[in-house]
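Reader: I'd like a close look at one part of this model, the place where the two protein chains meet. Could you walk me through how that contact is built, and then tell me what sits around it?

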Number of protein chains: 2
Amino acid sequence: MSRKVNINSCNVCAYKSFLFSSLHAKDLTRVNLTKKEMEYDQGEVVIRQGEKINKFMYLKSGLLKISQDIGTVGNQFIGLATPLDFIGLLSVFSQENYQYTITAVEPSSMCHIELELMKEIVKRDGTFALKLLEKMSSMNEAILRNRLQINRRNLRGRIAYILLYFCREVYQSNKFVLPVSRKEIGELINMRTENVIRILSEFRKDKIIDISGKEITILDTGRIQQICDFG
Amino acid sequence: MSRKVNINSCNVCAYKSFLFSSLHAKDLTRVNLTKKEMEYDQGEVVIRQGEKINKFMYLKSGLLKISQDIGTVGNQFIGLATPLDFIGLLSVFSQENYQYTITAVEPSSMCHIELELMKEIVKRDGTFALKLLEKMSSMNEAILRNRLQINRRNLRGRIAYILLYFCREVYQSNKFVLPVSRKEIGELINMRTENVIRILSEFRKDKIIDISGKEITILDTGRIQQICDFG
DNA sequence: CGCGGCTTTGATGTTCATCAAGTAAAGTGG
DNA sequence: CCACTTTACTTGATGAACATCAAAGCCGCG
């Protein structure tokens with residue numbers, strides 16, 4: 001179950017230099033005093049699609065899944081959020097309610113600030129506003145680029161792409177434990193579970209990767225890159 | 001060829017109420033004095049991918065194509081911009097250079113403001129900053145939603161989707177002239193030209209639409225909607 | 001007029017989803 | 001803790017959806 005944790009000072013948080021560095025001492029203190037830090041277990045839902053947005057949230061550590069219910073058709077897995085990402089990335093400033101469901105796929109620690117306070121600071125502190133604009137802009141661009149990249153590839157290319165994504169963007173290691181099921185990977189890169197499995201097995205047979213349950217080791221980065229580029 | 005046109009007052013522009021309504025008289029005057037209004041012919045390139053970003057641009061009238069060169073593979077057609085959209089939507093505040101190429105697919109009229117002036121106003125006017133944040137946020141969300149919608153449909157569903165998109169979002173009419181070639185539609189919704197044509201013909205035979213060159217008339221909105229929903 | 005790009009249709013082959021069936025793993029209640 | 005249920009994983013077979021190839025008509029443009 002999610003739980004509130006000891007309040008740490010914002011002064012020692014990686015986020016300070018990322019976003020709040022320019023903040024006036026007075027505002028930083030207010031953020032420090034009103035923020036709430038929460039921890040979530042693996043599998044726990046952080047935000048449910050449709051809930052009212054009243055917090056500005058950001059991920060301090062862990063890994064989150066961003067997805068969307070699409071009626072009977074199933075679930076669209078849109079992407080992952082890694083530390084320093086804002087949550088509710090797209091909707092925070094434009095919608096009343098969350099358009100996406102956020103789930104912790106690894107134990108995660110997050111900070112909340114009242115959205116009203118955020119808006120207040122934006123209104124008062126233009127330098128901060130500009131910085132926020134830049135961050136949101138580049139985050140949105142990254143998500144879109146990812147989706148475009150995935151959808152123009154064939155299945156083998158998609159698997160190669162997502163493996164390199166985990167390797168480079170999430171774990172910074174050739175060896176990692178998949179944070180999601182093969183079914184979910186299928187939802188993320190628009191293909192059937194069976195084909196996710198088939199192609200992973202194929203890569204294993206070709207000695208491009210090694211698989212042991214959810215643990216993946218990339219053996220031949222060059223080949224994977226090649227499949228990603230030309231697939 | 002693109003050309004500068006008579007300067008109209010920002011006071012009578014639709015954009016004023018859309019974005020600049022809260023601006024102080026002083027800032028509005030500055031915008032008014034330094035802005036440039038340009039007109040572009042059909043087919044003219046407005047922005048070339050890679051160019052330095054130094055203007056904040058918005059579309060007053062016409063229709064723009066947003067696309068991206070992706071090496072040898074061809075061209076990714078990302079979406080269209082309709083009046084009141086900002087241009088360089090994603091990159092303006094996060095990148096040095098444009099990530100996308102913008103082309104006028106209908107005669108278009110645009111306004112430019114120096115990006116530095118924009119940033120200056122953002123810094124000084126928090127209410128404006130917040131408004132801009134909201135607009136950018138909702139624009140980005142719309143683009144992403146579109147891409148997700150397109151990619152989870154089969155080919156008939158994609159064609160139905162894009163026809164309804166033109167009908168509802170762009171032309172507000174059941175009868176419209178396609179602003180782009182069938183090849184480009186294929187690039188927009190990730191399918192081959194031949195299949196774009198085949199499915200359009202199929203819809204024509206089924207008396208769901210009428211085709212005359214680039215002119216399309218949607219005859220049976222209900223059926224199209226159904227194909228869009230279940231395809 | 002002739003060239004190149006767009007459009008169209010048909011034929012063919014590949015890729016991928018679907019169906020089926022079985023094993024393994026993980027959660028659940030007695 | 002064990003039987004039971006459910007969910008995840010895996011492989012093979014089949015057919016549908018889609019890309020590709022080919023050929024011809026069309027249209028605008030130098």
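Author: Sure, with one thing up front: this is a predicted model, so read everything below in that light.

Let's begin with how the two copies are arranged. Chain A superposes on chain B by a rotation of 180° with 0.0 Å of shift along its axis, at an RMSD of 0.0 Å. The two copies are thus related as by a two-fold rotation axis. The interface fits that picture: 100% of the interface residues of chain A are also interface residues in chain B, so the copies meet through the same surface.

Now the contact itself. Chain A puts in 29 residues and chain B puts in 30 residues. On the chain A side, two helices each supply at least two residues, namely α3 (115-124) and α4 (126-151). Of these, α4(A) gives the most, with 17 residues. Sorted by class, the side of chain A that touches chain B holds twelve nonpolar, ten polar and seven charged residues.

Since α4(A) gives the most to that side, let's follow it across to its partners in chain B. One partner is α4 of chain B, also residues 126-151. Here the axes are 10 Å apart and the packing angle is about 5°. Angles under 35 degrees count as roughly parallel, and α4(A) and α4(B) are therefore roughly parallel to each other.

If you want to click through that pairing, go along α4(A) from A:Gly126, A:Ala129, A:Leu132, A:Leu133, A:Met136 and A:Ser137 on to A:Asn140, A:Ile143, A:Leu144, A:Arg147, A:Leu148 and A:Asn151. What they meet in α4(B) is B:Gly126, B:Ala129, B:Leu132, B:Leu133, B:Met136, B:Ser137, B:Asn140, B:Ile143, B:Leu144, B:Arg147, B:Leu148 and B:Asn151. By class, this helix-helix contact divides into 14 nonpolar, eight polar and two charged residues.

The other partner to look at is α3 of chain B, residues 115-124. The axes of α4(A) and α3(B) come within 6 Å and cross at roughly 125°, and the two helices are therefore oblique to each other. As for handedness, α4(A) passes α3(B) in a right-handed crossing. The residues involved are A:Gly126, A:Thr127, A:Ala129, A:Leu130 and A:Leu133 from α4(A), with B:Lys119, B:Val122, B:Lys123 and B:Arg124 from α3(B). That gives four nonpolar, two polar and three charged residues. A:Gly126, A:Ala129 and A:Leu133 turn up in the contact with α3(B) and also in the contact with α4(B).

Next, what sits around it: the DNA. Around strand C there are 15 residues, and the closest are A:Asn154, A:Leu155, B:Ser181, B:Arg182 and B:Ser201. Both chains take part, with α5 (155-170) and α7 of chain A and α6 (182-188) and α7 of chain B each supplying at least two residues. The largest share, five residues, comes from α7(B). By class, the surface near strand C has three nonpolar, five polar and seven charged residues.

Strand D has 14 residues around it, and A:Ser181, A:Arg182, A:Ser201, B:Asn154 and B:Leu155 come nearest. Helices that each supply at least two residues here are α6 (182-188) and α7 (193-205) of chain A, together with α7 (193-205) of chain B. For this strand the largest share, five residues, comes from α7(A). The classes here are three nonpolar, five polar and six charged residues.

One last stop, within chain A. Helix α5(A), which supplies residues near strand C, also packs on α8 (residues 221-230) of chain A, at an angle of about 125° with the axes 7 Å apart. That makes α5(A) oblique to α8(A), and this crossing is left-handed. The contact is made by A:Arg156, A:Gly157, A:Ala160, A:Tyr161, A:Leu163 and A:Leu164 of α5(A) and by A:Ile224, A:Gln225, A:Ile227 and A:Cys228 of α8(A). Its residues divide into seven nonpolar, two polar and one charged.

Methods:
Residues are numbered from 1 along each chain as its sequence is written. Chains are lettered from A and ligands numbered from 1 in the order in which they are written. This is a predicted model: local features need pLDDT of at least 70, side-chain atom pairs count only at pLDDT 80 or more; totals for chains, interfaces and linings use all residues. A residue is near a molecule or strand if its C-beta atom, placed from the backbone, lies within 6 Å of it. Helices (H or I, at least four residues) and strands (E, at least two) are DSSP runs, numbered from the N terminus. Ala, Val, Leu, Ile, Met, Phe, Trp, Tyr, Cys and Pro count as nonpolar, Asp, Glu, Lys and Arg as charged, and the others, Gly among them, as polar. Two residues are in contact if their C-beta atoms, placed from the backbone, lie within 7 Å. Axes are lines fitted to C-alpha atoms, for helices over the stretch in contact, and angles run from 0 to 180 degrees between N-to-C directions. Angles under 35 degrees count as roughly parallel, over 145 as roughly antiparallel, 65 to 115 as roughly perpendicular and the rest as oblique. A crossing is left-handed if the near helix is turned anticlockwise from the far one by less than a right angle, and right-handed if clockwise. Copies are superposed by least squares on the C-alpha atoms of residues with pLDDT of at least 70 in both.
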